[in-house]
Amino acid sequence: MGTVSLQEAKLRCATLLRKHITLVKELREKVLLKSDDDSPSADSNNRTLDLFDDSQESSASVDNGDKDVNEARRFATLHAAIDPINPLLLAYRFWRKKLGPAALLVTDAKQRKELAHIAKLLAALLILSAEYLPALLCLVYCVRLLPSDVRCRLLTVKWACHLNQWRLASELLRLRKLADAQSLSSPIDHHFDALNLHCRLHLDDDVVKDNIIADLVEKNRNADVLERSIDSYQLQALFKLATHDAVKLPNQIIEKVGDPMEHLEAALKRYRTLVRSRFPELQGENDVVIDVEAGRADLDRFLLVASDVAGLMETLWRCAVEFLNVGLPRETEAYALEGGRLARRLGVLSWMIRYANLTVQLKTAVSDADKLDSAASIVGAFLVDSESQLVLNQPINAIEEPTAAKRKAPTRAMSESTAIKTTRSGRSSRSSQAKLRAASETTDEGLPETSNTSTTFTSLLPRAVAKVRALPDHQEKCPCYSCTLSAESSTFAMEATCARTGLVSAVDGISAIAFCWDRLVTAKTAYLENLTESVDTMCSLLGIRHCFEADLPSCLVTNCAWPLMGWSTYSASIGDWSNCRLWAERGLKLAQRQALASRCEFLTLSQLARESRTPTPPLGETFDWIVGSAPNSDASRLAEEFLSLSVSLDVDRAPPSGRRTKKATTTNKSVKVDCEAAMEEFHAYKHLFYKDWRRRLGALLAASSADRWEAALFWSETMATAVRQRTRITVASNDVHFPDVDHFKSVCAKFPRDFTIVLLTVDERRVLWMVRLTGGTTSSIPLIVPLINVSQPIEENSRRTVFESLTAILTDNNESMKLSDPKQFWETRRKTDKKLQALLETIQKKWIGCFAPLLLSEKLPPTGSVGRSPKTATKALSVAGYTAESSHLLELAVSQLSETQWGELARRLAALDGVSSSGVSKARMAWARMRSESLGTDFAKSPGSVESSSTMSLAPTVLVLSSELAVIPWECLPVFDSQPVVCRCPSLQLLARALHKTTTVPRSVDGRSAYYLLDPGRDLDATKKRFVEFFGKQKNWSGLVGLTPSAAEVKTALESNDIFLYCGHGSGGRYFGSTAVRQSDCKAVALLMGCSSARIHEEGPGFDGRGPVHEYSIAGCPCMVGCLWMVTDGEIDRFLLALLVAWLKCDVRAVDDRVKDRVKPTEATRQLLAAIAVARKNCKLPYLTGAAVTAYGLPIVSQALLG
C-alpha cells in the first residue's frame, strides 16, 4: 500500500462509508419531508387493486399523475445535489485496489476480523444501492478473510446466482463442501441445498433435470411446513424462486411442479414478511443505517437485512415483469408502484429508474397515452441535465420543438462501422444519420390518433413525443449527473441506458433505433468488461479455475430485450420481415444464454424470427372477401422511413421484402421445418401463458394446420390467457388449457349436443376469425373462416370503423343522460337507440354476411317441423367437391338465405375446401332443389316470436369473444331474432370447466333462494322505492338495503344462495371488492343490475381486459347477467321487473302492473336466456337498454317459482 499504513487505509475507507451514510440520511430526510403523509401503510402494499371497481380509475393509489412527476424531479434534483453514491463507490474502489489486497496479507486474526467487518459493511451498503457486482466482490473478500463465516459464504452464492454467474456459484458451493462440516448448522445446510439445486437447473444436462425438479419440488413442500422463523422464511423464498425457474423448463406438468406465478408471489410474500419484521423503519421515519454508523447494530444482521431488502426489490420487479408477460397489467402497475415508492424511501436511484422504465413499458404495451406522458416525464427526470430539466417543467403545450442546431451531437463511443453502415448507393453513414435526424424532427401534424385496437408498436403519442424530443443527446463527455454517474458505475449505466432506450422506443419511434442501439451496445460492452474483470479477480481470490460467463443479469436482459421485441413487432406490423428478423435474432442473442430466466423474451423473439423467415401471405390472396389483410395500415406511413435504415449487425441481413432472390425464396420445405419447430415449441411450453408468444404462435399454427380440429385448438389457446392464468393461481386448477388435439376433441364431445359454440377473435393483422363448433360430437368438423378486416371503414362514405361508430353511440348515450328536459331526453335517446340498431344490422351485413345463419344452433326454429335435406341434395354437394361438414352447413343455411346469399356462402366455403369454380356452379344449380325440399323459411322475412314457447328454440349459441369484441351486443344481431338463446363465456377452457362443475344443463336454480343488495351507495332513491317492499315480501329472500356488506357476507351469499341480485352502481366491486368474489366457491346466479357491470374494459392490444366477468368466471359462477354500458335506473329497473316475471313468475303488480300485462311467462321463459330476450322487448329502448344486458355462463332454468 506504499506509504499509507493499514490503519490509515482503514480510517480512510471508514470515513468514506460514514460520509455515504450521512448523505443517504440527508437525502432520505429531504425526500421524505413532503411524502411521508402520502406514503402507503404497511398493509397497503399487500392490497391488490379492485379489477372491476370503476371508482378506482382516478384513484391516487394507482396513478398520481403530476404529483409523481414532481416527486421524481425533486428526487433527481436532490440526488444530483447530494450525490450519496459517490463516496460509496470511492470506498469500493479504494478497497478493491488497495485495502482489500492488503487485508489478505494480514495474519493477525483480530485485524482480519476488523477488516472483514469493513468489507461486510461495504457489501451491505452496495447491496442497498443496487450495486450487486461490487458487493459480490466484497463478499468474496469476506469469505477469504473469515472462512468460517457461513452466512457470508451463503450470501456470496446467493448474489452470484442473482447475477447469473452460475458457474461461479457452483464453484463456491464446491468450496463450501470442503469446509468444516461442524461449523454448519442444519438450517444453513438447507439454504445451500436450495441454491445448489437452482444452479444445477441452469448447468446440468437435460437428462438429469427431471430428478433435480422432483427433488426441488419435494424440498420446497418440506420447507413450507417448517416452523415460522427468519431462517425458514429465507429458505422458503429461495426454494420458491428456484421452483419458479424450474417450471419454465419444457414439458413440465403443473399439477406436479405448481404454477410459476404462484411460486413467484409466494416468494414475494416471504420477502415482505422478512423486511417488515427486521426493517420496520422502511415504512417509518427512522433509518437502520444510522444504527450501523453509530455502532449500535450488528453488522451480520445488517448485511442480512440489506440482502433481504434487495431481495424484496428484485422479487417485486420480477413479479411486475412476469405479470406483464402473462397479460395482467393492473397487477404489474401495483407492483411497479410499490417498488417505486420503496426505492424512493431507500434513496436508490438505480431502482427508481428501473421501476420508472417498467412503467413506460407497461403504458406503451397498453397504449395509454395520458399515463405514458407522465411515465416518460418521470424517466426523463433522471436522465437530463439541469438545462433540460427546465424544459420538462414546462407544460406540454409550451414546449418548443427543438431544431437540429439546438440538439447535442450523438455519442461517438462506437466506431462508425459498428453504428451505421454505408448504404448500397455509396452514400456515407453521415447521410443516413442526417436522414434519421431529419425524420425525428418532423412534426406530428397529420398523424392519426391511435386507438386501443391498434397493434402498432410505435404508438405515436404526440404529447409524450414532445417531451422526449426535448431530451438532448448526451455528448461523449457530458457533464450531467446521469452521465457522470454512468461513468463511475457500469450497473447504473446499464439501467439508465435501458430506460432511455425504452423511452425513446416508446414515444419517438423507429427513427431513433440506430442511436438507441449504439448506446445500448456501448453500455453493455462496458458492463461486461467490468464483469469480466471482477469475476477474474474473484476466481483469483478463491483459487478456482476461470468461470466467467458473459451474461447480463436477467433484469438487464429483460430491459434490453424489450425494445428489441418492440422493434421486431413493429417491423412485422408494417410487413418489413427483413428488419423483423434482424431485431428478433439480435434479441435472441441476448436471451438464448439465459433462456430459463428470460423464457418469455426467448420464446417471443423465437416466434418473431420464425414469422420473419416464413411470413404468412395476405389472406386476400386466398379469401378474396377479406380486404386489407396486409400488415397494419396505420403504420404504413412510417414504413418507408423504417426501411431506409441500414444498421450493421452481426447477423445475416435478410433480403428486402418484395425482392425475389434465391436466398429469399421460401420453399415448402423451410415452411414445413418452421411449422414443425413451432409445433414442438408449443407442446413443450404449453403450460406457460405468455400472452404475446402464445397469441402469435397459436395464430401461426392455426393458419398453417390442415387439420381443422387442430386449428380450432390453437385458436382457442390464443384467447383469455391472462384470465386462465389468474384462474390457475386462484383455484389451483390446471383445467385451463388443452394439452393436445385428442383431449380437445374429447372435451368438445362432452359439451351438450344442442350447444353451438362460436369463437370470434381478431388476429395480429386485424382480421376477424370465426370458429364454429358443435357440441356432443367429434364427427362434425369445426368451421374456421376469416370474415373481414375490422380496421376497414364500416361504410364506403365514412372513415369510421365499427369500434369508432360504437364508441360514438355510447358517448351519445352517456351525454344524453345529462339532459334535464324530458322531451329532449327521450327524443335524443330514441335516435341513439335507432343508431345502435342500424349499426348492429350493418355488423351482420358487413362483418358476418352470408355466414350469419351459422351463428345459430342447429335446432332451427320450425314453422311446422324441421327436417334435414334429402340425401340427393347432400350427394350433389359432395359430387361438387364440398366436404361433408360444408355440405351440412350449406343444408342448414338453405332455408335462411336468399339464392344470392346462399351462392356467396357456397363460394366462400369452396375457398376453404379447395372446390373448383365448376363445383361452385354445381352447388348453385342444386340450390333450387334443396330449397324446395327444405321446410324452413327465410329468417330475414319471417323472424320467430321470442315470446312464444311454440316457436322458440332453447338450443343455445355460446359466444367466446376476444376482449375488444366483447363490447358489441352480438346477442341482438338480427339473425338471433328467431333464436335469442345466446350466452357468452370468456374462453372455451372456462366453458369446459363450468360444464364440468354442473351435473345437468340447463342448470336448475331455486327461485326462493336469493340474496339481494339494494342501493348500497344510498343514492338511488327511486330504485330503492321500487324494490324495497317487493324484495322484502319474497319468501326466503334475504339481503341488505342501503347498507354496505362485508367481504365475508358477500362470499357467504354467493356460496349459499341460488341467486345473487345486485341493484346499484357498477357491479358492486367498489363496496365489497373483487377478492370476495374471486375467492368464493360461487354457486349463485349473479344478476348485476348496474352500469357497465358486465363490460370488459380494454387494456391494450393483446390483453384480455378487465371486468367483473372474469372474477365471477374464476369463482365458478354458473351465470352472470350484467350491462355492457351505462343505463338509466328507470330503464334497467323496468328490465329487471320483466325478467323476474318471465323467469320466476314473480307478481310485480304492486311495483308496476303494466309489466304483468306486457310480459307473459311461459314454459320457455323459465330458461334464463329466453327470459332475458323477453325482457329486452319490454324496454322502451330495446337496443340502448335491452341490448346492454348480456349473460356470461351456462343456460339456467328456474325450478321452484315465486308465482
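A residue counts as buried when its relative accessible area is under 20%, as exposed when that area is over 50%, and as partly exposed in between. This scale serves throughout the following account of the structure, which is a predicted model. By its terms Arg200 is partly exposed, because its relative accessible area of 31% falls between the two limits. Asp204 has a relative accessible area of 24% and is therefore partly exposed as well. The side chains of these two residues meet in a salt bridge, with 2.8 Å from N to O.

The protein as a whole may now be considered. It has 1203 residues, of which 62% are buried. Its secondary structure comprises 48 helices and 13 strands. The protein exposes about 45,700 Å², and carbon and sulfur atoms supply 50% of this area. If one takes the contacts between residues at least 6 apart in sequence, 78% of them join residues that are at least 24 apart.

Two helices illustrate how burial and geometry can be read together. Helix H17 covers residues 369-383. At 1.5 Å a residue, its 15 residues should span 21 Å, and the end C-alpha atoms are indeed 21 Å apart, so the expected and modelled spans agree. Of these 15 residues, 13 are buried, and H17 is therefore largely enclosed by the rest of the structure. Helix H25, which covers residues 554-573, can be treated in the same manner. Its 20 residues should span 28 Å at 1.5 Å a residue, and this agrees with the 28 Å between its end C-alpha atoms. Because 19 of the 20 residues of H25 are buried, this helix too is largely enclosed by the rest of the structure. Gly575 follows H25 and has a positive phi, near 80°.

Helix H24, formed by residues 513-542, contains Ala526. With a relative accessible area of 37%, Ala526 is partly exposed, because this value lies between 20% and 50%. Met494 is 32 residues from Ala526 along the chain, and the C-alpha atoms of the two are separated by 8.8 Å.

Charged side chains provide further links. The structure contains 52 salt bridges. One of them joins Lys248 and Glu322, whose closest N and O atoms are 3.8 Å apart. Lys248 lies in the loop between helix H10 (230-247) and helix H11 (254-257), whereas Glu322 belongs to helix H14 (residues 299-325), so the pair ties together parts that are 74 residues apart in sequence. Both Lys248 and Glu322 are buried.

Helix H14 also takes part in a salt bridge between Glu314 and Arg354. The side chains of Arg354 and Glu314 meet at 2.8 Å, N to O. Arg354 is found in helix H16 (residues 349-365), and the pair links distant parts of the chain, 40 residues apart. Arg354 is buried, as is Glu314. Arg354 has a further partner, for it lies over the face of Trp317, at 5.4 Å from the ring centre. A charge is likewise placed over a ring where the charged end of Lys1180 sits 4.7 Å from the centre of the ring of Trp826. Elsewhere, salt bridges form a network that links Glu611, Lys691, Asp692, Arg695, Arg696 and Glu764.

The aromatic rings complete this description. A pair of such rings is described by the distance of the centres and the angle of the planes. A search of the whole structure finds 20 aromatic pairs. Among them is the edge-to-face pair of Phe682 and Phe714, with 5.0 Å from centre to centre and 85° between the planes. Phe682 lies in helix H29 (residues 668-684) and Phe714 in helix H31 (residues 708-717), so the pair ties together parts that are 32 residues apart in sequence. Both phenylalanines, Phe682 and Phe714, are buried. Phe738 and Phe744 form a pair that is tilted, with 5.1 Å between the centres and 55° between the planes. Phe738 is buried, and Phe744 is buried also. Finally, ring pairs join Tyr1012, Phe1027, Phe1030, Phe1031 and Trp1037 into a cluster.

Notes:
Residues are numbered from 1 along each chain as its sequence is written. This is a predicted model: local features need pLDDT of at least 70, side-chain atom pairs count only at pLDDT 80 or more; totals for chains, interfaces and linings use all residues. Side-chain values use heavy atoms; hydrogens and water are left out. Rings of Phe, Tyr and Trp (its six-membered ring) pair if their centres lie within 6.5 Å; planes under 30 degrees apart count as stacked, over 60 as edge-to-face and the rest as tilted. Helices (H or I, at least four residues) and strands (E, at least two) are DSSP runs, numbered from the N terminus. Buried means under 20% relative accessible area, exposed over 50%, partly exposed in between (1.4 Å probe, protein chains only). A charge sits over a ring if NZ of Lys or CZ of Arg is within 6 Å of the ring centre and within 35 degrees of the ring normal. Contact means heavy atoms within 4.5 Å. Accessible areas come from the Shrake-Rupley method with a 1.4 Å probe; for residues, only the protein chains shown count as cover. The expected span of a helix is 1.5 Å times one less than its number of residues. A salt bridge is a side-chain nitrogen of Lys or Arg within 4 Å of a carboxyl oxygen of Asp or Glu.
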